[in-house]
Amino acid sequence: MKEYQFQATIEADDHRLVQIVDDKGGSAGSIEKDVLRKCEEKHTYSFTSKEGSKVIVGLKRRKFRDLNIANYIIAAGETAMFLKEKAGKNLLRFRVKGHIGERHMYIKEDEEGDMDVFIDRRKAAVITEYSPEKITVAMDDEIEENGVIFAVVILMFFMFKLYKRESWHIEELLS
């Protein structure tokens with residue numbers, strides 16, 4: 001497993017980049033706010049690898065009928081892919097699934113509150129938040145830093161954080 005670190009906050013009016021740092025202190029790429037058609041501008045991020053490939057992940061604008069199920073659009077070059085929350089299961093914990101190319105991706109929140117990523121039913125990454133300034137990603141060695149899966153794993157953490165904020169507000173309303 002390779003290990004990476006980054007910080008979890010990117011402010012909407014802040015145009016700085018968040019660097020993804022590998023375990024040797026080198027940059028694997030950077031995250032920044034971005035724009036993607038049909039997505040909420042406030043919740044769209046891109047990852048640019050050190051080789052220059054760019055992947056964008058955005059939360060699809062929600063309509064009233066699907067307010068409780070989030071859909072995510074992934075743009076990698078000319079290719080668009082989609083991930084979707086699992087209806088019913090998403091009420092208790094973050095659960096997202098879909099296909100990235102030919103590979104099946106399943107993302108879930110574990111009992112410790114970490115984000116686990118499964119590729120083709122095999123655990124491929126775990127993202128742990130120690131503090132907003134220190135997010136650690138343990139990722140399978142076979143996942144390439146300039147690949148789409150690497151970028152989606154990193155960017156989906158921001159969607160995971162959004163889910164956690166929204167579910168906290170719902171819990172507060174119900175208590």
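This passage describes confidence, aromatic contacts and strand pairing in a predicted model.

The protein chain has a mean pLDDT of 88. Of its residues, 85% reach 70 or more. Confidence varies among the elements. Strand E10, residues 115-119, has the highest mean pLDDT, at 98. Helix H1, residues 148-174, has the lowest, at 81. Where pLDDT is low, the predicted coordinates should not be read in detail.

Aromatic contacts were examined next. The structure holds 10 aromatic pairs. One of them joins Phe94 and Phe160. Their ring centres lie 5.3 Å apart, and the planes meet at 65 degrees. The pair counts as edge-to-face because the angle between its planes is over 60 degrees. Phe94 sits in the loop between strand E7 (79-85) and strand E8 (95-100). Phe160 belongs to helix H1. The pair therefore links distant parts of the chain, 66 residues apart. Both Phe94 and Phe160 are buried.

A second pair is formed by Tyr106 and Phe118. The ring centres are 6.2 Å apart and the planes stand at 40 degrees, so this pair is tilted. Tyr106 lies in strand E9, residues 103-109, whereas Phe118 lies in strand E10. The contact thus ties together parts that are 12 residues apart in sequence. Tyr106 is buried, as is Phe118.

Phe94 and Phe160 also belong to one aromatic cluster. Its other members are Phe6, Tyr45, Phe157, Phe158 and Tyr163. A ring contact of another kind involves Tyr130: Lys134 lies over the face of this ring, at 5.1 Å from its centre.

Strand pairing was then followed around strand E6, residues 71-76. This strand is mostly covered, with 5 of its 6 residues buried. Strand E6 pairs with strand E5, residues 54-60, through 5 bridges. E5 and E6 run antiparallel. Across this pairing, Gly58 stands opposite Ile73 of E6.

Strand E6 is also joined to strand E7, here by 6 bridges. E6 and E7 are likewise antiparallel. In this pairing, Ala75 stands opposite Ala80 of E7. E6 and E7 form a hairpin with 2 residues between the strands. Within the hairpin, Gly77 takes a positive phi near 65 degrees.

Definitions and conventions: Residues are numbered from 1 along each chain as its sequence is written. This is a predicted model: local features need pLDDT of at least 70, side-chain atom pairs count only at pLDDT 80 or more; totals for chains, interfaces and linings use all residues. Side-chain values use heavy atoms; hydrogens and water are left out. pLDDT is the predictor's confidence in each residue, from 0 to 100. Helices (H or I, at least four residues) and strands (E, at least two) are DSSP runs, numbered from the N terminus. Rings of Phe, Tyr and Trp (its six-membered ring) pair if their centres lie within 6.5 Å; planes under 30 degrees apart count as stacked, over 60 as edge-to-face and the rest as tilted. Buried means under 20% relative accessible area, exposed over 50%, partly exposed in between (1.4 Å probe, protein chains only). A charge sits over a ring if NZ of Lys or CZ of Arg is within 6 Å of the ring centre and within 35 degrees of the ring normal. Two strands pair if DSSP finds at least two bridges between them.
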